[in-house]
Amino acid sequence: MRRLPLPAILLRPIDTKFKQISLIYRGSMALHEALIALQTGCSGLLTLKQDDPHFKKRLPSIPYVHQGELEILDRLTQLGRHYHTIDEYVQNIIKTKTSGLYILSFAFELRSILQSYLQCLSQLEHECLQNTSLTLSHLLISLTDYTLLFPALVSLINTLQSSGYRGCQILDVIRRCTLDGNTILSSTMKKLLCAGHRILIKQIISILTRGQVYDEYGEFFIGLNNSINVEAMGMTTPSISRMTSAAASRSHSPERALMQTPQPNSTTTPGYNQYLLIPEMLPSYIPLPLADKILFIGESWLLLKKNDDDDDDNDRNTRNSLGINSIDYDEQNHLVQQQLHALTLADDLNMFELERIIERARIDLSLTLRNLFVDRFHLIDELEQIRGFYLIERGELYTLFVNRTSQLLLNTKKSSNAIENDINEVFKQCLNDLHLDTILTNSDKFKFKLNFPPNELANQEISAARRLLSRTQGSNDNSSSPSDFWSCGWANLSIQYKVKYPMKAFFSENCKQRYNDIFHLLIVLRYVQTELNSLWLAFKNHHRNSLVWHLRNTMSFFIDNFQYYIQIDVLEYKYQHLIRSIQSSTDFQQIKHLHELFLADIQTHSFMLLGTAYQSIKNILSICASFCLTIKQQEKKDNLDENVLRGFGKDFNDEIKLLFGILGMVQKHNALPHLGVFLTRLDFNRFLTNNNGSFGEF
């Protein structure tokens with residue numbers, strides 16, 4: 001029997017064995033390189049392209065990797081690059097500590113996702129050591145979720161970096177990413193959004209329960225109102241309470257920073273009405289009315305909190321005398337805090353539940369404030385005082401005041417402390433003479449001020465008045481006296497109302513300005529009416545010029561009717577309606593709204609918001625005032641220049657015709673219900689209608 005050579009016999013099994021060992025070695029090498037690439041984004045399978053050191057390119061052929069697995073290896077390498085990009089972003093955010101709490105919370109949540117990814121890689125490495133026959137396909141299948149998730153996270157990071165969004169603004173970007181059909185991607189984005197919501201809820205809790213905004217990086221949708229006049233409001237200088245740095249170490253979460261309690265004397269609590277909404281920071285899924293409620297609750301708690309450090313002696317005495325500090329709100333605040341904290345435990349922020357909690361807190365607090373302001377703070381009595389000063393409710397008082405200060409204010413062209421003191425002393429004397437000092441008891445809070453406009457604006461108004469009256473007086477634009485009415489003290493007289501605690505929560509700077517706008521019209525109207533009446537008293541016995549009396553009677557007819565319309569049809573009716581509404585309301589916020597509507601209605605029905613009509617009324621008042629001044633200056637002359645008188649009549653008729661036409665068009669649309677009564681009084685016998693809106697020829 002022929003025997004084969006021994007080496008030939010042995011070669012076949014040895015060759016097969018080495019092939020198996022070689023395949024195992026090659027597979028292990030591929031898995032090893034893939035695991036490295038999944039963590040670093042590159043491995044020994046990659047080489048640097050010479051002309052671009054920042055671009056890494058795979059070798060075109062790898063001996064120990066099957067050609068069919070090269071594409072899988074590329075996908076795994078790309079996944080590793082995404083991991084490296086996300087990890088680098090997270091490290092930079094945590095290291096810089098200046099990106100804000102929302103971005104920091106976002107980075108911490110990303111880090112937890114990366115940690116779960118690394119745990120998955122560790123598990124795969126253990127499996128590869130246990131089973132050397134595993135392939136790259138096994139790695140790809142095991143990491144399928146991350147191949148979908150990481151590209152979306154990188155895209156989200158790029159969007160946040162390129163847009164420059166911060167704070168609450170990033171919540172909108174993340175929320176749009178949650179609206180995805182892929183459940184893995186959607187659930188992960190919801191976790192990122194929930195991390196931001198935890199910061200948002202803690203900031204809301206802070207302002208709801210302590211009246212303070214912890215917002216070191218300017219991320220919240222409520223901030224300080226830097227434009228407010230702090231001294232005029234009788235408040236201390238505000239500053240936002242600062243929190244401990246949220247990223248002091250990598251082991252501390254950003255939520256912990258909001259849980260730090262500030263030192264008692266380290267911050268100053270802002271005063272009421274010194275917060276404002278920042279609409280561009282408000283997430284789109286939080287309604288603006290809800291943000292308004294949060295602002296209202298925060299400012300209200302701030303008003304009632306047990307902190308006397310920010311009050312002056314008078315306000316502190318007021319607090320103690322009214323027993324405000326005896327009110328305990330800790331229990332209600334604790335309940336709100338628990339309910340809001342429960343919202344952060346869910347995967348999604350329940351907006352319906354959030355609105356319910358906020359609305360419930362607003363109703364309870366608003367009822368408490370209503371009882372305090374109406375029953376204990378005597379809000380209606382304060383409104384009576386304001387009515388007496390701003391709205392000229394006591395006609396006899398202001399008639400006496402006008403008679404005693406007529407020449408003083410008429411000759412005043414600029415403000416001075418001495419003149420203002422004289423005006424206030426005259427007013428106090430009028431109060432005493434009429435025995436009204438026991439009715440208007442808060443005269444120390446109301447001081448007359450002369451607020452002359454800047455030179456440019458004043459010159460424009462004076463020039464307009466001069467152009468209007470220059471032809472009637474036969475003078476040029478440089479004339480003085482009667483045509484300068486809008487530059488005198490009467491046209492620039494206002495009242496400074498010193499708002500004391502707690503009324504600073506009810507009367508804002510805007511309210512005081514609107515009261516002054518109304519007072520400006522009423523005081524000029526009262527002055528013109530008094531001047532027309534004094535003209536009749538001065539010349540009723542010896543002046544025989546019928547044209548003067550015709551003009552005076554016509555002007556007085558309009559002024560008296562307009563004054564009656566403003567004081568009775570508008571102010572008295574609206575004020576009584578406001579008082580009845582306040583007494584029947586159980587909501588402090590509604591009372592504030594009713595008061596604002598009251599001011600808006602007065603301005604509307606007084607035509608102050610109708611630009612052309614209001615300017616026409618001012619022109620009529622100017623013509624009447626100039627007419628009275630001209631007649632008084634020429635009282636010693638036997639024969640007045642009839643051309644001047646007819647000029648006054650023509651200008652008066654022109655303005656009446658314009659005003660009557662505008663108000664007639666407004667009445668057709670039924671925009672102002674009381675306007676019809678006023679027009680009926682003016683045109684009771686159809687005289688204006690028959691004369692095209694004028695009082696006829698003079």
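## Strands β5 and β6

In strand β5 (residues 446-450), Phe446, Phe448 and Leu450 point to one face and are buried, while Lys447 and Lys449 point to the other face and are not buried. The model is a predicted one. Side chains in a regular strand alternate between the two faces of the sheet, and β5 shows this alternation along its residues.

The partner of β5 is strand β6 (residues 493-497), paired in the antiparallel sense over five bridges. Within this pairing, Lys447 stands opposite Gln496 of β6.

## Nonpolar core

In soluble globular proteins, nonpolar side chains tend to be buried together. Here the largest nonpolar core holds 200 residues. Which of its residues touch the most other members? They are Phe150, Phe221, Tyr398 and Trp490. Helix α18 (residues 546-584) supplies the largest share of this core, with 16 residues.

Phe150 can be followed further. Apart from neighbours within four places in sequence, Phe150 is in contact with Leu79, His82, Tyr83 and Ile86, and also with Ile113, Leu114 and Tyr117.

## The chain as a whole

The protein chain has 698 residues, and 50% of them are buried. Its secondary structure consists of 23 helices and six strands, with β5 and β6 forming an antiparallel pair.

Counting contacts between residues at least 6 apart in sequence, 78% join residues at least 24 apart. The accessible surface of the chain is about 34,400 Å², and carbon and sulfur atoms account for 51% of that area.

Note on methods. Residues are numbered from 1 along each chain as its sequence is written. This is a predicted model: local features need pLDDT of at least 70, side-chain atom pairs count only at pLDDT 80 or more; totals for chains, interfaces and linings use all residues. Side-chain values use heavy atoms; hydrogens and water are left out. A nonpolar core is a set of buried Ala, Val, Leu, Ile, Met, Phe, Trp, Tyr and Cys residues joined through side-chain atoms within 4.5 Å. Buried means under 20% relative accessible area, exposed over 50%, partly exposed in between (1.4 Å probe, protein chains only). Helices (H or I, at least four residues) and strands (E, at least two) are DSSP runs, numbered from the N terminus. Contact means heavy atoms within 4.5 Å. Accessible areas come from the Shrake-Rupley method with a 1.4 Å probe; for residues, only the protein chains shown count as cover. Two strands pair if DSSP finds at least two bridges between them.
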